[in-house]
Amino acid sequence: MMTTAPAAAEQPPATEPRTRFPFRFWLLNTIEAGERLAFYLVWPILMIYIAQADDPGGLHRSQDDKGTLIFWFSLVQIILPIISGGYADRYGFKLSLIISMLISTSGYAVMAMEHSFRAAFWGMMLVGVGAAFFKPAIQGSLSHLLTRQQSSLGWGIFYWVVNIGAMVGHWLSPLVLLNPTTANTYRNLFLIAAGCCLFNMIALLLVFRDIPSGAAKDTHPLRVLWLTVKNIIDPRLLAWLLIMSCFWMMMYQLWDTQPNFIRDWINSESLARAMPFDTWRETGSDGLLRVPQQVLLSLNSMLIVAFVVPVSHLVRTMRSLTAMLGGMIVVTFGVLTAGTTQSAWVLLFGITMFSLGEMLVGPKKSEYLALIAPTGKKALYLGYVVIPTGIGRGVGNKISGWLYREVGEKANLSLRYLMEKTPFGQGKQWNGRTDSLEDAAGVTRTEAFTKLQEVTGLGANEATQLLWDTYHPQYWFWLPFVAVGVLAAIALYIFGRMARRWADMNA
């Protein structure tokens, strides 16, 4: 699971290096774990809740609607951290953290109140606003607590804790949702997420003692905003942000499209029979045994929990751009592997490769920005780190929502096959547009795959294989994003060489 964690820290005034992490370091890590637990209770199943055609308790909206929600969520993540980071420095980290948890609690509560796309949309917008205040504040707090000697291990621990929260969230959601899902089980999940954020807010109010940011406290709020925007106008910074935006356009598909891809195409029956817990297996609407998609994706956070600290130790002396370049190549290979198979075992191998690359990119990706962050502007500069993730996720999901609907979604491909290749479609007028398939066929997306089985006389596995072999969704959907990942890695290599040349000229 990606997060934004800087690798550099301020040196405290102590005369001797501090080796023990202070209490507030562990408290902030606990709060981070709680916030990520809430988020990853909801996010992996949100893709299913909104757009999966065969989910009994879902909203059954289009892939385009899902892409639109993520686009606006990501836009919030792009804009607000630029502003909220500066205000966290100006008004204090504790206040920013409390406000963020209050807003996030409200967002999850809105989703619980109403079973509708409108509630999901506005609820996630509030969660996005809360996260935009939360990330710069908590990272800025930690950057002031860690000495330079503690930096590599400290941020490795932080990254580890983030994924503890994500892993538990992935595992807890099947216990709450049950099988089959209903509107009530989704409501319970959203309420639990709200409760996690509420607990964090209480802990911040009662236990946490604020950390001085070093920033001036008498700066006018509009002046803070102007300085925040002004600092981003740096050609090297802008080039880095553009390259990383392209990379995250590919990378976030693992979490934002892969859940639907797994439900549509991955055969995990043999793996489900080997699962140690009943909650790690379920029966799909097609009658087949499978592993919940969020449990399969939890391998990512499991591997990071197990290995991110030793990997952070091993690469502590590696140049940040070198580590990021290697990680981007490995991530690209992992996405390609996970997205071009129907086998759950091969999928898990792809996720493993993805996770290894993430461990190289994740803890190192902020080092470039952290090195140029002046005293008193830690949270401000760390706010810039989320810009490429927001751009990549937003633009990528706007594209992938449309692309998956056109060439990857099993429900639409079932309707297309019925209209193009069976007697069912004869005499029916269809203009060739995917968004008119339901009207032309007289069959809804939720009924499409069942209708395909009825017309062809095939079982669920055989009908899925028929669609896979006919339309090749693995290639048409995933290869454009893999190509973007490769181009981003090449651009990062060129950028690294130019940055070193610039540094030599100005030495």
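A pocket, in the sense used here, is an open set of grid points with protein on both sides within 12 Å along at least five of seven lines. I begin with that term because the largest pocket, as so defined, is the main subject of this talk. The structure is a predicted model, and every value I quote is computed from that model.

Let me give the overall picture. The protein chain has 507 residues, of which 61% count as buried. Its secondary structure comes to 21 helices and 2 strands. Among the contacts with a separation of 6 or more, 82% are accounted for by residues 24 or more positions apart.

I turn to the largest pocket. Its volume is about 470 Å³. Which residues are the closest to its centre? They are Arg 263, Asp 264, Asp 286, Lys 410 and Thr 464, out of 31 residues that line the pocket. Five elements give two or more residues to this lining: helix H10 (258–265), strand S2 (289–290), helix H17 (410–421), helix H19 (445–456) and helix H20 (460–471). The most comes from H19, with 5 residues. Sorted by class, the lining of the largest pocket holds 13 polar residues, 9 nonpolar and 9 charged.

Arg 263 leads us from the pocket to the salt bridges. As a reminder, side chains of opposite charge can pair when their charged atoms come close. In the whole structure, the search finds 15 salt bridges. In one of them, the side chain of Arg 263 meets that of Asp 54, at 3.7 Å from N to O. This pair links distant parts of the chain, since Asp 54 lies in the loop between H1 and helix H2 (63–91), while Arg 263 lies in helix H10, 209 residues apart. Are the two partners buried or partly exposed? Arg 263 counts as buried, because its relative accessibility is 14%, under the 20% cut-off. Asp 54, at 25%, counts as partly exposed. The pairing also extends to a third residue: Asp 54, Asp 55 and Arg 263 are linked in a network of salt bridges.

Two further salt bridges deserve mention. Arg 61 forms one with Asp 65, and the closest N and O atoms are 2.9 Å apart. Arg 61 counts as partly exposed, at 33% relative accessibility. The other joins the side chains of Arg 405 and Glu 406, at 2.5 Å from N to O. Here Arg 405 is buried, with a relative accessible area of 14%, whereas Glu 406 is partly exposed, with 22%.

Next, the enclosed space. Rolling a probe the size of a water molecule over the atoms shows where empty space is left. How many cavities of 30 Å³ or more does a search of the whole structure find? The search finds 2. The second largest has a volume of about 30 Å³, and its lining consists of Tyr 40, Trp 43, Pro 44, His 170, Trp 255 and Leu 297. H1 gives the largest share of that lining, 3 residues. By class, 5 of the lining residues are nonpolar and 1 is polar, with no charged residues.

H1 also brings us to Phe 25, which is found in this helix, residues 23–51. Phe 25 is buried, because its relative accessible area is 0%. Beyond its neighbours within four places in sequence, Phe 25 is in contact with Leu 142, Leu 145, Leu 146, Gly 154 and Ile 157. Phe 25 and Ile 138 are 113 residues apart in sequence, yet their C-alpha atoms are 10.0 Å apart in space.

A second residue to examine is Gln 474, placed in helix H21 (residues 473–505). Gln 474 counts as buried, because its relative accessibility is 5%. Setting aside neighbours within four places in sequence, the contacts of Gln 474 are Phe 261, Gly 339, Thr 340, Trp 468 and Leu 479.

Finally, helix H13, residues 320–339. This helix has 20 residues and reaches 28 Å from its first C-alpha to its last, close to the 28 Å expected at 1.5 Å a residue. H13 is mostly covered, as 14 of its 20 residues are buried.

To close, I return to Arg 263. This residue is among the closest to the centre of the largest pocket, and Arg 263 also belongs to the salt-bridge network with Asp 54 and Asp 55. Thank you.

How values were computed
Residues are numbered from 1 along each chain as its sequence is written. This is a predicted model: local features need pLDDT of at least 70, side-chain atom pairs count only at pLDDT 80 or more; totals for chains, interfaces and linings use all residues. Side-chain values use heavy atoms; hydrogens and water are left out. Helices (H or I, at least four residues) and strands (E, at least two) are DSSP runs, numbered from the N terminus. Buried means under 20% relative accessible area, exposed over 50%, partly exposed in between (1.4 Å probe, protein chains only). Contact means heavy atoms within 4.5 Å. On a 1 Å grid over the protein atoms alone, a cavity is a set of points where a 1.4 Å probe fits but cannot get out, and a pocket is an open set with protein on both sides within 12 Å along at least five of seven lines; lining residues have an atom within 4 Å of a point. Grid points are joined across faces, edges and corners, and a volume is the space filled by probe spheres set on the points. Ala, Val, Leu, Ile, Met, Phe, Trp, Tyr, Cys and Pro count as nonpolar, Asp, Glu, Lys and Arg as charged, and the others, Gly among them, as polar. A salt bridge is a side-chain nitrogen of Lys or Arg within 4 Å of a carboxyl oxygen of Asp or Glu. The expected span of a helix is 1.5 Å times one less than its number of residues.
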